[in-house]
Amino acid sequence: MQMKIRNVAAVVLLLVVSLWACQKEISDTGNTPTQQVSLYLTDDPAVFDSVLIDIQAVRVKLDTCTLSDDDDDDDNDDDSCYVWHTLNIKPGKYDLLRLRNGVDTLLAQGTIPAGKIKKVKLVLGTGHYLVKDGIRYPLNLMPGNRSEVEIKLRDSDWDNFANGRRRIWLDFDVARSIVKVRDGQFYLVPVLRPFTIKKTGSIEGEVVPREAIPVISVYNSADTAYAIPDKDGDFKIRGLKEGTYSLFVNASNGYRDTTINNIDVKAGKETELRKITLRK
């Protein structure tokens, strides 16, 4: 009799252990790790009154498998490792020229499964336009261009600023993105450059007088960026890779151009220049 009781107890114990193991497995698979991602939009300016870009959706291509950060292959979207996720945005027109001199706006964010983000895709609408010298011009996509703009990323491009939280900035290069053709029409060929504040540096300063209508370019052998000072003459250029740059001020109204050389830029640092006063 005692032998039967011991056998029954062993069976009951085995069932309890099995049920606990099953429940743990279900619980573990249900708690899928996630990450919160944020995308900020900023502008590399051009000489227009305003440039409005119609953005309807933002999606990210997620690699859910374990791959090397250095894998640059353009993988097939049908592969089971890759999934597109749509982020939360406010669809509509974004005035890019309001996003200059260090100003940005939160374009998209969302919580998605953990994994490496291989691409960002902007889905554009049809309501783009620009204003130049007070006149409004339609801004259509260049014939043959798709309404979806894809930006390829490495996992290391992101700023992992907190546990499970990542962010990145998208610099919309207006000067390179707008093409004027002979009949006076403007076309949009979007050029965007991703960067993070932690891994790049910036240059800021002040140019006077405002009557000189200065346009600033910062350049070296590998990169060029632009700025148009605000009404007080202040400017800021972000997203510069670490290195040594020259700054050129293109002046108007009889003021002389000015060049400053040997400007050192460090990652994660702001390089502040002395006040630049232009002379006739």
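**Pockets, a cavity and ring contacts**

The largest pocket is lined by 19 residues, and Arg-100, Ile-213, Pro-214, Ile-228 and Pro-229 are the ones nearest its centre. Keep in mind that this is a predicted model. Besides that pocket, there's a second largest one with about 270 Å³ of space, one cavity of 30 Å³ or more, and four aromatic pairs. Here's the rundown by topic.

**The largest pocket**

- This pocket holds about 340 Å³ of space.
- Its lining is made up of ten nonpolar residues, eight charged ones and one polar one.

**The second largest pocket**

- About 270 Å³ of space sits in here.
- The lining takes in 15 residues, and those closest to the centre are Arg-193, Pro-194, Thr-200, Gly-239 and Lys-241.
- Strand β15 gives the largest share of that lining, with three residues.
- By class, the lining splits into five nonpolar, five polar and five charged residues.

**The cavity**

- Searching the whole structure turns up one cavity of 30 Å³ or more.
- The largest cavity has a volume of about 120 Å³, and 16 residues line it, with Asp-43, Asp-171, Lys-236, Ile-237 and Arg-238 closest to its centre.
- Four strands each put at least two residues into the lining of the largest cavity: β1 (34-44), β15, β18 (224-227) and β19 (234-240).
- That lining comes out as seven charged, six nonpolar and three polar residues.

**Aromatic pairs**

- The model has four aromatic pairs, and one of them is Tyr-137 with Phe-186, an edge-to-face pair at 5.1 Å centre to centre with 70 degrees between the planes.
- This pair ties together distant parts of the chain, as Tyr-137 is in strand β9 (residues 135-141) and Phe-186 is in strand β14 (residues 186-188), 49 residues apart.
- The two partners don't fall in one burial class: Tyr-137 has a relative accessible area of 25%, so it counts as partly exposed, while Phe-186 has 4%, so it counts as buried.
- Trp-169 and Phe-195 make a stacked pair, with 6.2 Å centre to centre and 25 degrees between the planes.
- Distant parts of the chain meet here too: Trp-169 belongs to strand β12 (residues 165-173) and Phe-195 to strand β15 (residues 192-195), 26 residues apart.
- Trp-169 is buried because its relative accessibility is 4%, below the 20% cut-off.
- Phe-195 also counts as buried, at 5% relative accessibility.
- Ring pairs join Trp-169 and Phe-195 with Tyr-40 in a cluster.

**Charges over rings**

- Lys-61 has its charged end over the ring of Tyr-82, 4.9 Å from the ring's centre.
- Arg-136 lies over the face of Tyr-129, and the distance to the ring centre is 3.5 Å.

**Around Ser-217**

- You'll find Ser-217 in strand β17 (residues 215-219).
- Ser-217 has a relative accessible area of 12%, and that's under the 20% limit, so this serine counts as buried.
- Leaving aside residues up to four places away in sequence, Ser-217 touches Ala-225, Tyr-226, Ser-246, Leu-247 and Phe-248.

Key
Residues are numbered from 1 along each chain as its sequence is written. This is a predicted model: local features need pLDDT of at least 70, side-chain atom pairs count only at pLDDT 80 or more; totals for chains, interfaces and linings use all residues. Side-chain values use heavy atoms; hydrogens and water are left out. Rings of Phe, Tyr and Trp (its six-membered ring) pair if their centres lie within 6.5 Å; planes under 30 degrees apart count as stacked, over 60 as edge-to-face and the rest as tilted. Buried means under 20% relative accessible area, exposed over 50%, partly exposed in between (1.4 Å probe, protein chains only). A charge sits over a ring if NZ of Lys or CZ of Arg is within 6 Å of the ring centre and within 35 degrees of the ring normal. Contact means heavy atoms within 4.5 Å. On a 1 Å grid over the protein atoms alone, a cavity is a set of points where a 1.4 Å probe fits but cannot get out, and a pocket is an open set with protein on both sides within 12 Å along at least five of seven lines; lining residues have an atom within 4 Å of a point. Grid points are joined across faces, edges and corners, and a volume is the space filled by probe spheres set on the points. Ala, Val, Leu, Ile, Met, Phe, Trp, Tyr, Cys and Pro count as nonpolar, Asp, Glu, Lys and Arg as charged, and the others, Gly among them, as polar.
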